[in-house]
Every structure is written in C-alpha cells, then in structure tokens.
Amino acid sequence: MLNALWTPTALGDIALPHRLVMAPMTRDRSTPEGVPTEMNAEYYAQRASHALIITEGTQPSPDGQGYLLTPGLHSAEQVAGWRKVTDAVHAAGGRIVVQLMHVGRIAHPDNTPHGRQPVAPSAVRPAGTMFTASGPREMPTPRALTTAEVTATVEDFRRAAAAAMDAGADGVEIHGANGYLVHQFLASNTNHRTDRYGGALENRVRFAVEVASAVADEIGAGRTGIRLSPGNTYNDIQEDDTDTLYPTLVRELAPLGLGYLHLLHSGGGDELLDTLRGLWPGALVLNRAGADIPTRAKDVAQGRADVVSVGALALANPDLVGRVRSGAPLNTPDPATFYGGGAAGYTDYPTHSG
C-alpha cells in the first residue's frame, strides 16, 4: 500500500517527486514584525524532502494577524525574510507554497501591529481566549467589514500572493478552513450579513471564490490551492448545512482551474469527502487528521486523494519521507513545545542515523 505514495505527480503547475506533503502548521517563530528568520529557513529546509511544503498561515495584511510572532506578506521586510526561506528550501531540493491566512475574528488587538479591533463578516464574538504577550485575553467582539472593505480584503490576498511569488515561493495556498476569515464567511453562526456576501449559500461562498479567483488571476491558477475543512468546529464554528455548503462551494471553485483542493478530514464518514472528490476536476490533497501513514497511503491507492498531507508527524520527523521509505521508527511530537520560542520542538528533532 505504501508504494502508492512514491509515484511522481503534479499539483497544477507544481511537479512533485512523490505524494507525501507537509501540511501547514502555525509555529510562532517569526519576529514581532512578522518577518521570517534564519531559524524559519532552517526549519523548512530540514523538511525539504517532503514532496511539497505548505507553510504556516501567513497574514496578507496587518488586519489579518491574530497570533503572536506569525509571519506576514505585506511589507518589503517580510518578503525578504520569506526569500531566505524559499532559497533554503530550493537549495535543499524542495518545493514550497505559502499559505495565506487572514484570521478574521480569531484575534486580539494586542497581537496586531496597529492595535486595531479584529474584523469579521459579522460582529459575532468568538468563544475562548487568545494568548498575548501579557497572557491569555478574551477575544473581543469583531467589527463587521463593510461591503467595500470585503472587496479591499480580496485585493489584500491578491497583493500578498504576488509578494509570495516575489519571495520565491512555488505557489500559494488560501486558508479557507479552521474557523478563520474565509471559513467565517461560509459558516452560518459567523455570517449574518444581508449584502451579497450573506444569506443564501451562493452568497456565503462568494468571498472564498473571489479570493481564489483574484489569487489565480495574479499568480496563475496552476500555482494556487485552497484548503477547506468541512464540518470542522474549530474556533467556535457552526455549520448548519455542511452537506450542501461544500458541494456548492466546490462547484463554484471548479471552473477556476486551481492547482489543487486541500481537504482537512477530521473525522466522521467519507460520504461528503467522496462527493467533493467527484465534483473536483483537479488534484486533491487530503489531510486525514490523526491517521497513520498506511491509512493515508490507502487513500491514494484507492483514488480518494492524489496527494496526502501530514502535520505533526512532519514536524517531529524532518526526514519523515526517508523514515517511511526505510521503515525506520518515527519521533513522537512534543505538544509542550509547539508554540514556544527557540529551537525546542522546532529545529531540534533528531534525524534518523540508521
């Protein structure tokens, strides 16, 4: 079954030597100004044997930041920082796309460069707290974006995609999952709008489609991907119509000819997954959260996915591809270090010496 992982393929215009991809993971190791550092470059270069690296979520604008020490792509300094990363990955023989993530309401003003109130489709406060430099703080009620501001946010994604290419990336993934801004437009509990971006399914998917269209127009559809997480309740999301929402969205995205669709499958049955696979005309990347490598390989062997992405295992095993190929044991991820500063749980996981 594992042999299914080792045949070459392509995600749009990005040729891959095999089918085991590193999933995006927020790491909180950039500078306070959102600039990737030499340590970021080392971290990603260590994992360049993956068929493709999808980076941590990267804010396309100051309003898009919600967490401490996350990278951006809206300043010249940030572009230069990302150039260090992409150069290091390419020198190690890898391929890398930058995930663009606007957090929307999952934010606190203390974590943004301008100290502004978070923005969202509607003024609905999320449950929970946000870690800040002064400790956990309740997330405030966001300000609803005006219709004109929604259009401006689409253009923020366009500019950030162009900046990613200027920084040497092989492409861009749009984060439409996990309860962040694009997902907030999709979900019924976070989108109470009455303009063309709210109400009917066709309106609630509009922002996602406009962002994907703008990015594809800017950098080429074959270098554009989008990540979705049907039914995911992370970050206080509720979807009352998952089984109709996502087929509607995928039908609208399909004509754009994007390089790939990246689905996070976090449990439950495979019926919706198979429906979306049937509706999607291009390459499909599947992240079956928590599954072992043989289970993921089975998805490729059975045609359920073209490529599989791996998160925590790729974090804890910089040489995951070599370990899986050789049958070597895998390192266990250390959650206590996931969001800390420094090398611990970042660049210090050992490689296999056998």
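# Pocket, cores and helices of a predicted model

In this predicted model, the largest pocket is lined by 35 residues, and those nearest its centre are Pro24, Met25, Thr26, Tyr234 and Tyr339. Strand 4 (53-58), strand 7 (129-132) and helix 10 (312-316) are the elements that give two or more residues to this lining. Helix 10 supplies the largest share, three residues. The volume of the largest pocket is about 930 Å³. By class, its lining consists of 20 nonpolar, ten polar and five charged residues.

Enclosed space is a separate matter. The structure holds one cavity of 30 Å³ or more, and the largest cavity contains about 40 Å³ of space. Its lining is made up of Asp63, Gln65, Ala107, His108, Pro109, Thr112, His114, Arg116, Gln117, Pro118 and Val119. Four of these lining residues are nonpolar, five are polar and two are charged.

The next topic is the packing of nonpolar side chains. In soluble globular proteins, such side chains tend to be buried together. Here the largest nonpolar core has 81 residues, and the members that touch the most others are Tyr44, Leu73, Phe207, Leu228 and Leu249. Helix 6 is the element that gives the most to this core, with nine residues. A second core, separate from it, has twelve residues, including Ile14, Leu52, Ala283 and Val307.

Helix 6 can be followed in some detail. It has 14 residues, and the distance from its first C-alpha to its last is 20 Å, close to the 20 Å expected at 1.5 Å a residue. Phe207, Ala208, Val209, Val211, Ala212, Ala214, Val215, Ala216 and Ile219 are its buried residues. They pack against helix 3, strand 10 (171-175), helix 4, helix 5, strand 11 and helix 7. Just after helix 6 comes Gly220, which takes a positive phi of about 100°.

Phe207, one of the buried residues of helix 6, shows what such packing involves at the level of a single side chain. Leaving aside residues up to four places away in sequence, Phe207 touches Val150, Thr153, Val154, Phe157, Leu181, Val182, Phe185 and Tyr197. Of these partners, Thr153 can be examined from its own side. Thr153 lies in helix 3 (residues 147-166). With a relative accessible area of 7%, it falls under the 20% limit and is therefore buried. With residues up to four places away in sequence again not counted, Thr153 touches His102, Leu145, Leu181 and Phe207. Val97 is 56 residues from Thr153 in sequence, and their C-alpha atoms are 21 Å apart in space.

Helix 7 is the other helix to consider. It spans residues 242-253, twelve residues in total, and reaches 16 Å from first C-alpha to last, close to the 16 Å expected at 1.5 Å a residue. Which of its residues are buried? They are Thr242, Leu245, Tyr246, Pro247, Thr248, Leu249, Val250 and Leu253. These buried residues pack against helix 4 (181-186), helix 5 (201-204), helix 6 (206-219), strand 11 (224-228), strand 12 (260-265) and helix 8 (271-279).

The loop between strand 11 and helix 7 contains Pro230. Not counting residues up to four places away in sequence, Pro230 touches Glu239, Thr242, Tyr246, Leu263, Leu264, Leu272 and Leu276. Pro230 and Tyr246 are 16 residues apart along the chain, with their C-alpha atoms separated by 6.8 Å.

Asp236 lies in the loop between strand 11 and helix 7 as well. Its backbone deserves a look. Most residues other than glycine have a negative phi. Asp236, although not a glycine, has a positive phi of about 60°. At 27% relative accessibility, Asp236 counts as partly exposed, because this value is neither under 20% nor over 50%.

Leu69 is another non-glycine residue with a positive phi, of about 60°. It is found in the loop between strand 4 and helix 2 (76-91). Its relative accessible area is 30%, so Leu69 is partly exposed.

Conventions. Residues are numbered from 1 along each chain as its sequence is written. This is a predicted model: local features need pLDDT of at least 70, side-chain atom pairs count only at pLDDT 80 or more; totals for chains, interfaces and linings use all residues. Side-chain values use heavy atoms; hydrogens and water are left out. Helices (H or I, at least four residues) and strands (E, at least two) are DSSP runs, numbered from the N terminus. The expected span of a helix is 1.5 Å times one less than its number of residues. Buried means under 20% relative accessible area, exposed over 50%, partly exposed in between (1.4 Å probe, protein chains only). Contact means heavy atoms within 4.5 Å. On a 1 Å grid over the protein atoms alone, a cavity is a set of points where a 1.4 Å probe fits but cannot get out, and a pocket is an open set with protein on both sides within 12 Å along at least five of seven lines; lining residues have an atom within 4 Å of a point. Grid points are joined across faces, edges and corners, and a volume is the space filled by probe spheres set on the points. Ala, Val, Leu, Ile, Met, Phe, Trp, Tyr, Cys and Pro count as nonpolar, Asp, Glu, Lys and Arg as charged, and the others, Gly among them, as polar. A nonpolar core is a set of buried Ala, Val, Leu, Ile, Met, Phe, Trp, Tyr and Cys residues joined through side-chain atoms within 4.5 Å.
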